[in-house]
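Open the model in your viewer and keep the selection tool at hand. The tour goes from one selection to the next and says what is found at each stop.

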Amino acid sequence: MSIVLYVTSNLIHVYAIYVFIDSFLGKSLLSRKIKILSYGGYFFVGTAVWLITKAPMLNLVLNIAAPILISMQYENFLMKKLFGAISSCAVCMFIDWATIVILGNTVTAQSGLMQGVTVLMASSLFRHYHRNKEELPFRSKYSWFLIFTAAGTIVVGVLTISDIKSHDCFIVIVLLCINFLNFYIYNMEQKEFATTSKLKMIEMLNNYYRNQLCVLSESHNKIRFLKHDFKNHINRLKELVDSGDTDEMKKYLESMESAVVMKKEYSFTGNKDIDSLMNYELSMAAELGTSISYKADIPSTLNINSFDSTIILGNLMDNAVYALKNVNERILSVHLLYNKGIIRVDIENTYDPNHKRKNDGKEHGLGIMSVKNVLEHYNGRLLAESNGETYKTTIIMYDHRD
């Protein structure tokens, strides 16, 4: 009976780890089948090792190493993977010890069944909380501190708690609280990052709209001035025609043309968010002397909010413009297409494959991860390909947010 209870408790324990890690780290790079097999392997190996050896230290090492290895399959930052895996091990270990202290040497406690149920309840609550909040991908400034703190609590627990006596209950609770505090610190930093990111998005949107307003204002003023002086220009041209001075007439027409040449507006879709953003980014590319091909066939109204469109198009266009700064032949092609509720964006630019973008104080790789994170809400995907001279990014997404 004790073996059946242990196998059941270990199954619950592994499932609880799965619930937590899958919620905390997000999307796996592997197929669902391989992901499930990795957790299944963890369960079978862990069960076999304990039933054969009954060695607590070996079991502890396995329960630390396995979640760390499993976490590597997820599409996230290495530090977050280590923090999540090690912290989950620490929490499970201290819940296990606390249960033994409370229940004593009962069959339920010794088999780990009650501990497994408790950990599963905690993991389920975490998943419910995490599912209801939108988390932006970011690198914690305190990653190493959080990881070493979690690992340190495990070491302290192993060195100070031996026979799980009643007086060890205080130590277990303190170490467990330290790990919960770790998650609190991480959550507070995540909220701070989310606020900062939104402020940056607002600043970017303001820049786009300001640029669009300048274009429209310039267009309006020049048309107004031309209309005001139109009669005088006609009279002057008549005089030049009557005199037959074609050279002077050409010069006068050229001066009129230069007076009404306006800052180029590339996007005319009627969608103020897309037009403002694309006009700003394409004008930046044009200042570099880029040969630009732009085509947009999208409706004036989309079910994509301003923040999401800024994250998606803003990040990808920023990357393209940055790449153009580091090549001699600057070519940029951007196509936006809407068809039956599906949006497709193709951005292709020349680039130098040998040039690596410097961090310059920003979190490298966060832009693309942010794009992928937003695309998930629209059941979209990001594709990228290069041939050594040009880099092409393709986005396919639905025009509705989950």
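The stops below cover helix packing, two loops and a sheet in a predicted model.

**Stop 1: H1 and H6**

Select helix H1, residues 2–25, together with helix H6, residues 113–131. Their axes come within 8 Å and cross at roughly 15 degrees. Angles under 35 degrees count as roughly parallel, and H1 and H6 are therefore roughly parallel to each other. The crossing in which H1 passes H6 is left-handed.

Now show side chains. On the H1 side, the residues that meet H6 include Leu 5, Ile 12, Tyr 15, Val 19 and Phe 24. On the H6 side, Leu 113, Val 117, Leu 120, Phe 126 and Arg 127 are among those that meet H1. Coloured by class, this contact shows 12 nonpolar, 7 polar and 1 charged residues.

**Stop 2: Tyr 129**

Stay on helix H6 and pick Tyr 129, which lies in it. Is this residue buried, partly exposed or exposed? Tyr 129 has a relative accessible area of 40%, and is partly exposed. Leaving aside residues up to four places away in sequence, Tyr 129 touches Asn 187 and Lys 191. Draw a distance from its C-alpha atom to that of Ser 23: the value is 9.7 Å, for two residues 106 apart along the chain.

**Stop 3: H1 and H2**

Return to H1 and add helix H2, residues 32–53. The axes of H1 and H2 come within 10 Å and cross at roughly 145 degrees. Here H1 passes H2 in a right-handed crossing. From H1, the contact includes Ile 3, Tyr 6, Leu 11, Ile 17 and Asp 22. From H2, Arg 32, Tyr 39, Phe 43, Trp 50 and Leu 51 are among the residues taking part. By class, the contact of H1 with H2 divides into 13 nonpolar, 4 polar and 3 charged residues.

**Stop 4: two lysines with positive phi**

Follow H2 into the loop between it and helix H3 (56–71), and select Lys 54 there. Lys 54 is not a glycine, yet its phi is positive, about 55 degrees. With a relative accessible area of 46%, Lys 54 is partly exposed.

Then jump to Lys 340, in the loop between E2 and E3. Lys 340 also has a positive phi, near 55 degrees, in a residue other than glycine. Its relative accessibility is 78%, and Lys 340 counts as exposed.

**Stop 5: the sheet**

Select the strands around that loop and widen the view to the sheet. In what order do its 5 strands run? The order is E1-E2-E3-E5-E4, in an open sheet with mixed pairing. Strand E1 (291–297) and strand E4 (381–386) stand at the edges with a single partner strand each, so one side of each has no neighbour in the sheet. On average, neighbouring strands of this sheet are turned by 10 degrees against each other, direction ignored.

Zoom in on E4 and strand E5 (residues 390–398), which pair in the antiparallel sense over 6 bridges. Ala 384 stands opposite Thr 393 in E5.

**Stop 6: helices on the sheet**

Add helix H11 (residues 272–286), which packs on the sheet and touches E1 and strand E2 (331–339). The direction of H11 makes about 170 degrees with that of E1. Finish with helix H12 (residues 306–324), also packed on the sheet, where it touches E2, strand E3 (342–350), E4 and E5. The direction of H12 makes about 15 degrees with that of E3.

Methods:
Residues numbered from 1 in each chain as written. Predicted model: local features only at pLDDT ≥ 70, side-chain atom pairs only at ≥ 80, totals over all residues. Heavy atoms only, no water. Pairing = 2+ DSSP bridges. Helix = DSSP H or I, 4+ residues; strand = E, 2+ residues; numbered from the N terminus. Axes fitted to C-alpha atoms, helices over the stretch in contact; angles between N-to-C directions. Contact = heavy atoms within 4.5 Å. Parallel < 35°, antiparallel > 145°, perpendicular 65-115°, else oblique. Left-handed = near helix turned anticlockwise from the far one by under 90°. Nonpolar A, V, L, I, M, F, W, Y, C, P; charged D, E, K, R; others polar. Buried < 20%, exposed > 50% of the residue type's maximum accessible area, 1.4 Å probe, protein only.
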